[in-house]
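Biologist: Could you pull up the model, so that we can go through it together? I have a handful of loose questions.

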Amino acid sequence: MTETADARPEKLRERTCIGCRKRSSPTDLLRMTVSGGLVLPDPDRRAPGRGAHLHPATECFDLAVRRKAFPRAFKVPGPLDVTGMQEYVEQRDREEAVQKAATRPSAAV
């Protein structure tokens, strides 16, 4: 008797953040790709080529830079330009902070 795809338990997809090295769902991580030596965000997860994943937080980005994880994750020699990614992550952090401030209840005086 052969098993069908329906008979197998559902497989959970996980990816590893190149910054903090924690495993998370792909929806919690930001996919990145390399094009012409530039690391570019791929929020739609549609860009061709090898991808790497990162929590969209400044802490994880800084860890990845400090550990020189970008060239290793993309399997390319030499340094990569990550300024575009840095701006994208910082923008996401600012938007998230504004959203949290807007949903926070006002303090009673």
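Modeller: Here it is, and let me start with K68, which follows helix 1 and has a positive phi, near 55 degrees. Please keep in mind throughout that this is a predicted model.

Biologist: Okay, and which residues of helix 1 are buried?

Modeller: The buried residues of helix 1, which spans residues 58–66, are C60, F61, L63 and A64. They lie on the same side of helix 1, because the arc they cover around the axis is only 160 degrees.

Biologist: What do those buried residues pack against?

Modeller: The buried residues of helix 1 pack against strand 5, helix 2 and helix 3, while on the other side of helix 1 the residues E59 and R66 are exposed.

Biologist: Let me step back a bit. How many helices and strands does the protein have, and in what order do they run?

Modeller: The protein has three helices and five strands, and from the N terminus on the order is β-β-β-β-β-α-α-α. Of the 109 residues in the protein, 28% are buried. As for the contacts between residues at least 6 apart in sequence, 51% of them join residues at least 24 apart.

Biologist: On to the strands, then. What does strand 3 pair with?

Modeller: Strand 3, residues 30–35, is joined to strand 5 by four bridges, and the two run antiparallel; within that pairing, L30 stands opposite L54 of strand 5. Strand 3 also pairs with strand 4, again in the antiparallel sense and over four bridges, and there M32 stands opposite P41 of strand 4.

Biologist: And which residue takes a positive phi in the hairpin of strand 3 and strand 4?

Modeller: That is G36, whose phi is positive and near 60 degrees, in a hairpin that has two residues between the strands.

Biologist: Are there positive phi values at residues other than glycine as well, and where would R45 sit?

Modeller: R45 has a positive phi, near 55 degrees, and is a residue other than glycine; its place is in the loop between strand 4 and strand 5. R45 counts as partly exposed, because its relative accessibility is 35%. K75, which is not a glycine either, has a positive phi of about 55 degrees, and it lies in the loop between helix 2 and helix 3, the latter spanning residues 83–103. K75 counts as exposed, since its relative accessibility of 63% is over the 50% cut-off.

Biologist: Back to the loop between strand 4 and strand 5, please. Is D44 buried or exposed?

Modeller: D44, which is placed in that loop, counts as exposed because its relative accessibility is 61%. Although D44 and L30 are 14 residues apart along the chain, their C-alpha atoms are separated by 9.0 Å.

Biologist: And what does A47 touch, apart from residues up to four places away in sequence?

Modeller: With those residues left out, A47 touches R31, T33 and D42. A47 is also in the loop between strand 4 (38–41) and strand 5 (51–54), and it counts as partly exposed because its relative accessibility is 27%. From A47 to S35 the C-alpha to C-alpha distance is 9.8 Å, with their positions twelve residues apart in sequence as the separation.

Biologist: What about H53, is it buried or exposed?

Modeller: H53, which lies in strand 5, is buried, because its relative accessible area of 11% is under the 20% cut-off. Leaving aside neighbours within four places in sequence, H53 is in contact with R15, T16, C17, I18, L29, L30, R31 and M32.

Biologist: Last topic, pockets. How much space lies in the largest pocket, and what lines it?

Modeller: About 230 Å³ of space lies in the largest pocket, and 13 residues line it, with T16, I18, R21, A52 and A73 nearest its centre. Strand 1 (15–16), strand 5 and helix 2 (69–74) are the elements that give two or more residues to that lining.

Biologist: How does the lining of the largest pocket split by class?

Modeller: The lining of the largest pocket has six charged, four nonpolar and three polar residues.

Notes:
Residues are numbered from 1 along each chain as its sequence is written. This is a predicted model: local features need pLDDT of at least 70, side-chain atom pairs count only at pLDDT 80 or more; totals for chains, interfaces and linings use all residues. Side-chain values use heavy atoms; hydrogens and water are left out. Buried means under 20% relative accessible area, exposed over 50%, partly exposed in between (1.4 Å probe, protein chains only). Contact means heavy atoms within 4.5 Å. On a 1 Å grid over the protein atoms alone, a cavity is a set of points where a 1.4 Å probe fits but cannot get out, and a pocket is an open set with protein on both sides within 12 Å along at least five of seven lines; lining residues have an atom within 4 Å of a point. Grid points are joined across faces, edges and corners, and a volume is the space filled by probe spheres set on the points. Ala, Val, Leu, Ile, Met, Phe, Trp, Tyr, Cys and Pro count as nonpolar, Asp, Glu, Lys and Arg as charged, and the others, Gly among them, as polar. Two strands pair if DSSP finds at least two bridges between them. The arc is that of the directions from the helix axis to the C-beta atoms.
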